[in-house]
Amino acid sequence: MASAETAAEHERILREIESTDTNCIGPTLRSVYDGQEHGLFMDKLEGRIRNHDREIEKMCNHHFQGFVDSITELLKVRGEAQKLKCQVTETNQKLQNDGKELLTSMDELRQCRLQQRNIATTIDKLTHCLPVLEMYSKLQEQMRAKRYYPALRTLEQLEESCLPQAGSYRFCGIMSENIPRLRTHIRDVSMSDLKDFLESIRKHSDKIGETAMKQAQVQIARDNAVTSQQRSASGRRIRKEACSGTEVDRTGSNPFSEKDSGILDVEDEEKDEIPGAQDLVDFSPVYRCLHIYTVLSYCTDPDLILDLKNLIVLFADTLQGYGFPVNQLFDMLLEMRDQYGEILLKKWNQSFRQILDQDNYSPIPVASPEEYQRIAGQFPFQDPELDKMPFPKKLPFSEFVPKVYSQLKEFIYACLKYSEDLHLSSTEIDDMIRKSTNLLLTRTLSHCLQYAIKKKNVGLAELVQIIINTTHLEQSCHYLEEFISNITNVPPDTINATKLYGTSTFKDARHAAEEEIYTNLNQKIDQFLQLADYDWTAAQGGAQASDYLSDLIAFLCSTFAVFTHLPGKVAQTACMSACKHLSTSLLQLLLEGDVRQVSMGALQQFNVDVKECERFARAGPVPGFQGDTLLLAFIDLRQLLDLFTQWDWSTYLADYGRPTCKYLRVNPQTALTLLEKMKDTSRKNNMFAQFRKNERDKQKLIDTVVKQLRNLIATNQA
């Protein structure tokens with residue numbers, strides 16, 4: 001029995017020696033030496049060694065022939081390998097030699113491609129440069145031929161279209177530098193021609209005057225002849241109508257006789273054709289100078305144009321008195337009127353910009369009746385309730401309202417000045433003034449107001465004041481209509497009379513300011529929301545609203561307090577827009593992808609913040625809302641938070657799709673997204689959390705609801 005146990009123990013020790021690392025074999029051998037059967041174990045160990053030697057020898061004998069064959073094959077391969085090495089070396093040398101030729105060809109190809117690209121680039125640049133050179137050559141030919149007006153047109157085309165397309169070349173710079181000098185030369189030459197013309201007129205004024213007087217005498221004779229004929233015909237009709245017994249002295253001196261009518265003399269004079277005074281004068285230098293100076297756009301002073309217009313009117317009236325045709329001069333004055341209007345628009349654009357930049361956008365304080373009357377004299381303003389208030393008091397609009405209105409009247413006066421002495425009817429003058437004023441309103445003033453609204457750093461208070469100002473300016477438009485009618489003596493209700501577009505201009509500006517208010521409010525809300533710092537893994541929520549939200553509510557309260565002077569609809573729209581944007585932003589904050597996990601404690605804190613928003617909406621920051629209308633902006637958030645804080649999934653899933661559903665505004669996809677964030681992702685990595693029954697049950701419930709929500713979403717999509 002003992003020998004069998006000893007043999008089994010030795011067998012175990014031998015297996016352990018065979019299967020154990022040599023570093024751990026010490027304790028095993030120690031147990032052998034501690035026993036009494038050391039010799040017996042050594043015999044078994046030697047027997048086991050012999051068995052392994054036999055197995056090794058058997059294995060070697062089994063694989064010996066294959067090893068010998070492998071060595072033989074390897075010896076055969078050595079010669080082939082040497083041959084292969086020589087072939088590889090030779091092939092490599094040939095490849096290197098051929099590669100040098102290929103590299104040379106590739107380098108030549110690269111150079112050719114580079115040259116080809118340079119040629120293409122040169123062709124492209126020349127394509128842009130050749131028109132410039134051709135245009136400049138054409139300009140030089142026109143200058144040599146003294147065709148200055150076409151040269152100015154070529155110069156304008158060269159400067160505006162050709163040179164910008166050519167690029168920044170040195171010759172382009174030289175041409176650009178020469179353009180002002182060429183313009184100056186053309187201007188000086190045209191002015192010199194005009195002076196030569198005036199000198200020639202003065203030199204030959206006697207002959208021209210003599211011819212003009214003869215022509216006037218002929219014209220007077222013709223007029224007298226026509227008058228005599230008309231009187232003779234009238235006398236004959238009277239005699240025929242008289243009684244037949246009346247005798248007429250046909251031989252007496254009759255002032256209406258053909259002999260004394262001057263017709264024969266006129267006929268005799270007509271035989272000798274008298275050249276007209278206009279045939280003696282060539283006005284081409286005048287018109288050439290006019291056209292050249294029209295293309296040059298140097299005069300930017302409206303007063304200078306008025307002086308020039310007055311001189312031309314005097315000149316035209318003088319020429320007309322001598323019998324010269326002056327229709328073209330008056331046509332030129334009408335063309336100058338358009339240029340005069342453009343200069344006025346530029347000047348008033350600067351005035352409006354300066355008024356808007358210097359305005360403080362605050363109601364005007366009025367300390368005395370005299371000051372009130374002064375402002376009322378500048379701007380037609382009537383408010384019976386404000387009149388009853390004691391001094392000091394404030395007008396609702398800021399300084400730019402009376403200033404802008406005064407500038408509009410000054411513009412109308414400036415337009416009227418140019419219309420004087422142009423032999424226009426009152427209707428034409430009225431139409432011209434109204435069209436120019438419409439351009440001022442729709443283009444100049446409108447752009448200035450848009451600039452004031454869209455410029456950086458404009459605050460909500462300034463935008464509110466702009467809305468108030470444009471409202472009062474809109475109400476004053478009919479006063480402008482009456483003002484124009486009074487100075488032109490044309491009633492405003494005349495058929496085909498042009499109406500002022502001031503109402504639409506100020507409405508557009510007001511709407512733009514309103515949209516800017518909505519945008520600025522939303523941007524301010526976003527800035528406050530960037531300060532939100534929720535602990536989305538908090539175990540428990542707080543009892544008070546977050547600091548950032550308290551500051552946001554305080555800002556909204558102070559902002560809407562400024563809206564008291566705005567029209568009710570604007571204030572209500574701004575308040576509703578802000579609340580909707582706040583609600584949407586809070587929901588996006590809760591659902592954004594960076595928030596991977598949301599605890600119930602974080603939801604409780606979020607719920608406290610939403611309740612603070614609802615308290616603000618319920619307080620009515622802007623009057624005019626009916627009931628809890630403003631609370632509807634937060635109804636989506638409210639129903640979603642009630643669903644999660646009350647954990648009322650059974651009601652939601654059972655009543656979904658019904659009009660009377662308690663959580664009608666909760667989208668299943670939104671609920672699923674938030675619910676997946678509430679899964680405890682750390683539970684998988686926490687061994688002890690898996691043993692808490694409450695946690696296991698909670699996660700199972702969440703998984704069940706998630707599965708049901710996915711099925712609900714899939715059903716709705718199908």
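The exercises below, each with a worked solution, concern a predicted model of a single chain.

Residues are numbered from 1 along each chain as its sequence is written. Because the model is predicted, local features need pLDDT of at least 70 and side-chain atom pairs count only at pLDDT 80 or more, whereas totals for chains, interfaces and linings use all residues, and side-chain values use heavy atoms, with hydrogens and water left out.

**Exercise 1. Describe the chain as a whole, then examine helix α13.**

Begin with secondary structure: the chain has 24 helices and 2 strands, where helices (H or I, at least four residues) and strands (E, at least two) are DSSP runs numbered from the N terminus. Next consider burial, for which buried means under 20% relative accessible area, exposed over 50%, and partly exposed in between (1.4 Å probe, protein chains only); buried residues make up 35% of the 718 residues. Then turn to contacts, defined by heavy atoms within 4.5 Å: among those between residues at least 6 apart in sequence, 79% join residues at least 24 apart. Finally, helix α13 (residues 400-419) has 20 residues and spans 29 Å from its first C-alpha to its last, close to the 28 Å expected at 1.5 Å a residue, the expected span being 1.5 Å times one less than the number of residues. After α13 comes aspartate 421, with a positive phi near 65 degrees.

**Exercise 2. Identify the residues that touch the most other members of the largest nonpolar core, and follow one of them outward.**

A nonpolar core is a set of buried Ala, Val, Leu, Ile, Met, Phe, Trp, Tyr and Cys residues joined through side-chain atoms within 4.5 Å. The largest such core holds 140 residues, of which Ile517, Leu521, Phe560 and Phe644 touch the most other members. Helix α10 (residues 327-358) supplies the largest share of this core, 13 residues. Taking phenylalanine 560 as the example, and not counting residues up to four places away in sequence, one finds that it touches Leu521, Ala574, Cys575, Ala578, Phe616, Pro621 and Val622. A second, separate core of 20 residues includes Met135, Tyr136, Ile179 and Leu182.

**Exercise 3. Compare the settings of three salt bridges formed by glutamates 156, 516 and 614.**

A salt bridge is a side-chain nitrogen of Lys or Arg within 4 Å of a carboxyl oxygen of Asp or Glu, and the structure holds 19 of them.

- Step one: glutamate 156 pairs with arginine 153, their closest N and O atoms lying 3.3 Å apart. Being 3 residues apart in helix α4 (residues 148-166), the two are separated by about one helical turn. Glutamate 156 is partly exposed at 25% relative accessible area, and arginine 153 is partly exposed at 41%.
- Step two: glutamate 516 pairs with lysine 454, with closest N and O atoms 3.2 Å apart. This pair links distant parts of the chain, with glutamate 516 in helix α17 (residues 502-529) and lysine 454 in helix α14 (residues 426-454), 62 residues apart. Glutamate 516 counts as buried, at 14% relative accessibility.
- Step three: glutamate 614 and arginine 638 meet at 3.0 Å, N to O. Glutamate 614 belongs to helix α20 (residues 600-618) and arginine 638 to helix α21 (residues 635-645), 24 residues apart; glutamate 614 is buried, as is arginine 638.

Beyond these pairs, a network of salt bridges links Asp430, Arg434 and Glu481.
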